[in-house]
Amino acid sequence: MTQDAIRLTGLSKTYRGKRGQPEKHALKNVDLTVPRGSVFGLLGPNGAGKSTMINILAGLVLKTAGKVDIWGFDQDTNPRQSRAAIGVMPQELNLDPFFTPRGALEVQAGLYGVPKSERRSDEILAMIGLEDKAEAYARTLSGGMQRRLLLGKALVHRPNILVLDEPTAGVDIELRQMLWTNIRKLNEQGMTIILTTHYLEEAEEMCDEIAIINQGEVVVRDSTANLLGRLDAKAMVVHPDSPVSALPDAEGIAAELRGDGAVVLRYHTNSTSAEQVLAAVRSAGITIRDVKTEEADLEDVFLSLTSSR
Ligand code: ADP
Ligand code: MG
């Protein structure tokens, strides 16, 4: 028995081009494993292929090639078991406007063959804070309430794996906190969580492991701690008072003279302090007219990870 919650092997998806558009290689030969019990973050910019991957897992998009293994069940040869192992909260609000939250949960449970005696609509309604809206039409629910209902629907069959596609994109802080709390609680109860996001901060806060996907390829897959270690790169840009004759030279600092006469000093905040960088600048005889620092953001990470290959 495999210990992976998910194992993707050579997964590819090519969308056929519509109306004369070229075809789109949304996933290119992706190999990826997600360990059981983890909170796994799938990060990437818009269009990277995150939803395509999630929707293949959910059985909503047909893969072009490769193997998808969910909780030890091959999606092609064991479709029923693999489907039962996973619950997906989609990115798009796709609720039937004429269902009530309770109705939507009951129908979903029916679709997954959960017997009436094992249904737990009340428990789920309480968890997502919709008890008092249980009998309201979905179309009368706010966007935030609809998202909470989508989370509830993903949970009706007690899946081993919960997948959330951009659960907090564009939601208010209150809902974000509520989702985070629920996600943590579910994970503590043993559920494997996979979430996609383009917020680095969210991944940092929530995830044990992270894969970064860009243009249909996994460019890095590491523990969050290791990845953040790589992300502590910082740059200090010093504008000197007079032209520089010698660049600062100190361990852990890479100095470079820019075309406009500024000195760019790259260092890692884990091992080098700003004070050490400034000291190196001073001991090179440079008088500082102006200085600013630049932090690596997700964009830089993508750039560095994709250009260095
Ligand atoms: P993400 O969720 O990371 O933003 P998606 O998986 O939604 O990325 O999209 C990946 C790429 O595939 C994008 O270039 C997108 O335009 C394209 N794409 C997504 N769905 C379709 C579709 N149904 N038909 C054609 N192209 C699509
Ligand atoms: Mg998406």
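# Strands, a loop and a ligand

Me: What is the bridge partner of L43 in strand 8?
Reply: The partner of L43 is T197. Bear in mind that this is a predicted model.

Me: What makes strand 3 and strand 8 a pair?
Reply: Two strands pair if there are at least two bridges between them. Strand 3 and strand 8 have five, in the parallel sense. The cut-off is met, so they count as paired.

Me: Which strand also pairs with strand 8 over five bridges, in the parallel sense?
Reply: Strand 7, residues 161-165, does. Within this pairing, L164 stands opposite L195 of strand 8.

Me: Why is strand 8 called largely enclosed?
Reply: Count its buried residues. Six of the six residues in strand 8 (192-197) are buried, so the rest of the structure largely encloses it. T192, I194 and T196 point one way, while I193, L195 and T197 point the other way, and all are buried.

Me: Where does A48 lie?
Reply: A48 sits in the loop between strand 3 (39-43) and helix 1 (50-57).

Me: Why is A48 called buried?
Reply: Buried means under 20% relative accessible area. A48 has 1%, so it counts as buried.

Me: Which residues does A48 touch, not counting those up to four places away in sequence?
Reply: The contacts of A48 are A26, I213, N214, Q215 and G216. What about I212? Its C-alpha atom lies 9.2 Å from that of A48, though the two are 164 residues apart along the chain.

Me: How do you know that A48 makes a polar contact with ligand 1?
Reply: The pair must be N or O atoms within 3.5 Å. A backbone N or O atom of A48 lies 3.1 Å from an oxygen atom of ligand 1. That is within the cut-off, so it is a polar contact.

Me: What distances do K50 and S51 have to oxygen atoms of ligand 1?
Reply: For K50, a polar backbone atom is 2.9 Å away. For S51, a backbone N or O atom is 2.8 Å away. The protein covers 67% of the 560 Å² of accessible area that ligand 1 has on its own.

Me: Which elements give two or more residues to the shell around ligand 1?
Reply: They are strand 2 (24-35) and helix 1. Helix 1 gives the largest share, three residues. The residues around the ligand include Y15, K18, P45 and N46.

Me: Why is helix 1 called largely enclosed?
Reply: Seven of its eight residues are buried, so the rest of the structure largely encloses helix 1. The buried ones are K50, T52, M53, I54, N55, I56 and L57. After helix 1 comes G59, with a positive phi near 80 degrees.

Me: What makes strand 12 and strand 14 edge strands?
Reply: Each pairs on one side only. They belong to an open antiparallel sheet of four strands, in the order 12-13-11-14. From one strand to the next, the twist averages 20 degrees.

Me: How do you know that strand 11 and strand 14 pair?
Reply: At least two bridges are needed. Seven join these antiparallel strands, so they pair. One of the matches is V237 with K292 in strand 14.

Me: Why is H239 called buried?
Reply: The limit is under 20%. H239, a residue of strand 11, has 18% relative accessibility, so it counts as buried. Among the residues that H239 touches are R258, D260 and A262.

Notes:
Residues numbered from 1 in each chain as written. Chains lettered and ligands numbered in written order. Predicted model: local features only at pLDDT ≥ 70, side-chain atom pairs only at ≥ 80, totals over all residues. Heavy atoms only, no water. Axes fitted to C-alpha atoms, helices over the stretch in contact; angles between N-to-C directions. Buried < 20%, exposed > 50% of the residue type's maximum accessible area, 1.4 Å probe, protein only. Contact = heavy atoms within 4.5 Å. Near = heavy atom within 4 Å. Polar contact = N/O pair within 3.5 Å; in protein donor to acceptor, adjacent residues only side chain to side chain. Areas by Shrake-Rupley, 256 points an atom, 1.4 Å probe, with all protein chains shown as cover.
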